[in-house]
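I'm opening a fresh page for this one. My plan is to pick a few spots, look each one up, and jot down what turns up.

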Amino acid sequence: MNFIAQVEEKLRDLGSEARKKHPGVKEASERAILTLRSLQSQYVSAVRASSSTSSKPHPTTSLFRSQDVLRPFLLACNYPDASAKLLTIGLNAIQLLIDGDSICPPDSVHIVRVLAIQANCCCQDVTKQGSGGSDGSNSSPAKGGVMSVMTGGMSTASSTSGRNQKERDAISLKVLETLEKVIRSPSLELTEEVLSQAFSVGFVIIAGNPPVGGLDVSGGGAASKGPKLMSRG
């Protein structure tokens, strides 16, 4: 099945990329592959059962809902200093699982928490670069003030990620794309905490990266190319 192959490939890619710097992610990826194969066997059995009788519906990829499969991707995205490549693999995989309805509904809160970490990390990179003039003075005090207010309710990174501007822009856009999928998913829970974190993530990224991908968090603007975050419909 193509979905299973894609998820396993992303787990392998994640483990390979995390091998040296984040061994815990590699170990979680290896455990997730074993879980995925077990779920695959259950899926095959369910397909056979549905084929033998019309009373049983054909199984969907929601059968692959598992915290063990999601965990390594969340763990990778939990590191403020994760490489752009590791984050891209992790966020793409989370999007794949959301599209396949393969995430337990309550786990939406864990997803937005790691998105908040990466959004804040991108903002800190921008703010610290903007404050480091040749004379050591802060060249953008207004932006720094906005960041401190906007990130008040979010997880904060203790240091910059070391990513360049192109990587930050790509990660910022990937974070917003993932956030949009969380909000639009018909099965993921949108609790008060999830919505609060979601709004914070969107506003922080837009405040820190105004030109990223033509983003539009208001849901309006026919010319916008970026994700629109405000509605599930």
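**Entry 1: a lysine to start with**

Which helix is Lys 174 found in? I looked, and Lys 174 sits in helix α7, which spans residues 165–184. A reminder to myself before going further: this is a predicted model.

Next I checked whether Lys 174 is buried or exposed. Its relative accessible area comes out at 19%. The cut-off for buried is under 20%, so Lys 174 counts as buried.

Then I asked what Lys 174 touches. Leaving aside residues up to four places away in sequence, I found Leu 91, Asn 92 and Gln 95. With Asn 92 there is a polar contact, side chain to side chain, at 2.9 Å.

**Entry 2: another lysine in α7**

I moved along to Lys 181, which is also placed in helix α7. Lys 181 is partly exposed, with a relative accessible area of 25%. Again setting aside residues up to four places away in sequence, Lys 181 touches Gln 95, Ile 98 and Asp 99. I noted that Gln 95 had turned up for Lys 174 too.

How far apart are the C-alpha atoms of Lys 181 and Asp 99? I got 7.8 Å, for two residues that are 82 residues apart along the chain.

**Entry 3: into the loop**

Past that I looked up Pro 186, found in the loop between α7 and α8 (192–208). Pro 186 is exposed, and its relative accessible area is 77%. I also paired Pro 186 with Ile 98: they are 88 residues apart along the chain, and their C-alpha atoms are separated by 9.8 Å.

**Entry 4: α3 against α4**

The residues touched by my two lysines made me look up helix α4, which covers residues 84–99. Helix α3 (residues 67–77) packs with α4 at an angle of about 145°, and the axes are 8 Å apart. The crossing of α3 past α4 is left-handed.

Which residues meet there? From α3 I listed Val 69, Leu 70, Phe 73, Leu 74, Ala 76 and Cys 77. From α4 they are Leu 86, Leu 87, Gly 90, Leu 91, Ala 93, Ile 94 and Leu 97. By class, that contact has 12 nonpolar residues, 1 polar and no charged ones. Leu 91 is a name I already had, as one of the residues that Lys 174 touches.

**Entry 5: α1 against α2**

For a second helix pair I went back to α1 (residues 2–18) and α2 (residues 23–52). They pack at an angle of about 165°, with axes 8 Å apart. That makes α1 roughly antiparallel to α2. Here too the crossing is left-handed.

On the α1 side, the residues in contact include Ile 4, Val 7, Glu 8, Leu 11 and Arg 12. On the α2 side, I noted Val 25, Lys 26, Ile 33, Leu 36 and Arg 37 among them. How many of the residues in this contact are charged? I counted 4 charged, along with 10 nonpolar and 3 polar.

**Entry 6: stepping back**

Last, the whole chain. What is it built from? It has 8 helices and 0 strands, so to speak an α-α-α-α-α-α-α-α run from the N terminus on. Of its 233 residues, 43% are buried. Among contacts with a separation of 6 or more, 76% are between residues 24 or more positions apart.

Terms used. Residues numbered from 1 in each chain as written. Predicted model: local features only at pLDDT ≥ 70, side-chain atom pairs only at ≥ 80, totals over all residues. Heavy atoms only, no water. Axes fitted to C-alpha atoms, helices over the stretch in contact; angles between N-to-C directions. Helix = DSSP H or I, 4+ residues; strand = E, 2+ residues; numbered from the N terminus. Parallel < 35°, antiparallel > 145°, perpendicular 65-115°, else oblique. Left-handed = near helix turned anticlockwise from the far one by under 90°. Contact = heavy atoms within 4.5 Å. Nonpolar A, V, L, I, M, F, W, Y, C, P; charged D, E, K, R; others polar. Buried < 20%, exposed > 50% of the residue type's maximum accessible area, 1.4 Å probe, protein only. Polar contact = N/O pair within 3.5 Å; in protein donor to acceptor, adjacent residues only side chain to side chain.
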